[in-house]
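Work through the exercises below with the coordinates open. Try each task before reading its solution.

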Amino acid sequence: SLRRAIRSIAPDSDVGLWSFTTGLPSGDWEVLVPTGPLASSAGPRGVTRRERLLSAVGRLDPKVSGGTPLYDAVLAAFRNADANFAYGRLNALVVITDGRNEDVPSISLGRLLDALRLEFDGVRPVRIIAIGYGRQADTATLSRVTDITGGRTYQALTADEVDNAFGQVLADL
């Protein structure tokens, strides 16, 4: 689903990819492909950022035993997107998650919501869009997060529904 979405994004878009789970050597998240112009050369031998994204998606390895540091990762990614704000463009953070924060040392939901309220800038809006995957996805919590930024929350129970959610996200953007 993610590969299809990456293939369909306009070439003049800026896109990046992060992975987040507990127990990573670098902390709770890892920047797999830094945000930048999709059509630009982003690697050795003229590999485009789109090609790097597609390759990185192929290396994503869901950790069944890992926890989800959702709140810390969302705040860090939001701050990164805000720091890289591009005027005249839609600036959005798309989060795909099981929708539950399972990282005990993480910030609380209240602290995440407070930080987003303080840092969201309506003049330079970065929208958070969440896709809650699976029956256990806490879409009520995801909606609380996305509502602050004028974003949206989608729920997907199957791979086909993830495809549909990506299609809806792209249409809404």
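The model is predicted.

**Exercise 1. Classify the ring pair W18 and W29 from its geometry, and place both residues in the chain.**

Solution.
- Step 1. The ring centres of W18 and W29 lie 6.1 Å apart. Pairing needs centres within 6.5 Å, so W18 and W29 form a pair.
- Step 2. The planes make 15°. Planes under 30 degrees apart count as stacked, so this pair is stacked.
- Step 3. W18 sits in strand 1 (residues 14-24) and W29 in strand 2 (residues 27-37). Eleven residues separate them, and the pair links distant parts of the chain.
- Step 4. W29 has a relative accessible area of 30%, so it is partly exposed.

**Exercise 2. Classify the pair F85 and Y87, then decide for each residue: buried or exposed?**

Solution.
- Step 1. The ring centres of F85 and Y87 are 5.0 Å apart.
- Step 2. Their planes stand at 75°. The edge-to-face class starts over 60 degrees, so the pair is edge-to-face.
- Step 3. F85 has 14% relative accessibility, and buried means under 20%, so F85 is buried.
- Step 4. Y87 reaches a relative accessible area of 59%; exposed means over 50%, so Y87 is exposed.
- Step 5. The structure holds two aromatic pairs.

**Exercise 3. Describe the sheet that has the order 3-4-5, and find the helix that packs on it.**

Solution.
- Step 1. This is an open sheet of three strands with parallel pairing.
- Step 2. Strand 3 (91-97) and strand 5 (153-156) each pair on one side only, which makes them the edge strands.
- Step 3. On average, neighbouring strands are turned by 15° against each other, direction ignored.
- Step 4. Strand 3 and strand 4 (residues 126-133) are joined by seven bridges. I96 stands opposite I131 in strand 4.
- Step 5. Helix 3 (residues 70-83) packs on the sheet and touches strand 3 and strand 4. The direction of helix 3 makes about 160° with that of strand 3.

**Exercise 4. Which residues have the most contacts inside the largest nonpolar core, and which element gives the most to it?**

Solution.
- Step 1. The largest core has 22 residues. V74, L112, L116, I128 and V145 have the most contacts inside it.
- Step 2. Two or more residues each come from helix 3, strand 3, helix 4 (109-119), strand 4 and helix 5 (139-148).
- Step 3. Helix 3 gives the most, with seven residues.
- Step 4. Beyond four places in sequence, I128 touches residues including V74, F78, L93, V95, L116 and V145.
- Step 5. A second, separate core has eleven residues, among them I9, L17, L54 and V57.

Key: Residues are numbered from 1 along each chain as its sequence is written. This is a predicted model: local features need pLDDT of at least 70, side-chain atom pairs count only at pLDDT 80 or more; totals for chains, interfaces and linings use all residues. Side-chain values use heavy atoms; hydrogens and water are left out. Rings of Phe, Tyr and Trp (its six-membered ring) pair if their centres lie within 6.5 Å; planes under 30 degrees apart count as stacked, over 60 as edge-to-face and the rest as tilted. Helices (H or I, at least four residues) and strands (E, at least two) are DSSP runs, numbered from the N terminus. Buried means under 20% relative accessible area, exposed over 50%, partly exposed in between (1.4 Å probe, protein chains only). Two strands pair if DSSP finds at least two bridges between them. Axes are lines fitted to C-alpha atoms, for helices over the stretch in contact, and angles run from 0 to 180 degrees between N-to-C directions. Contact means heavy atoms within 4.5 Å. A nonpolar core is a set of buried Ala, Val, Leu, Ile, Met, Phe, Trp, Tyr and Cys residues joined through side-chain atoms within 4.5 Å.
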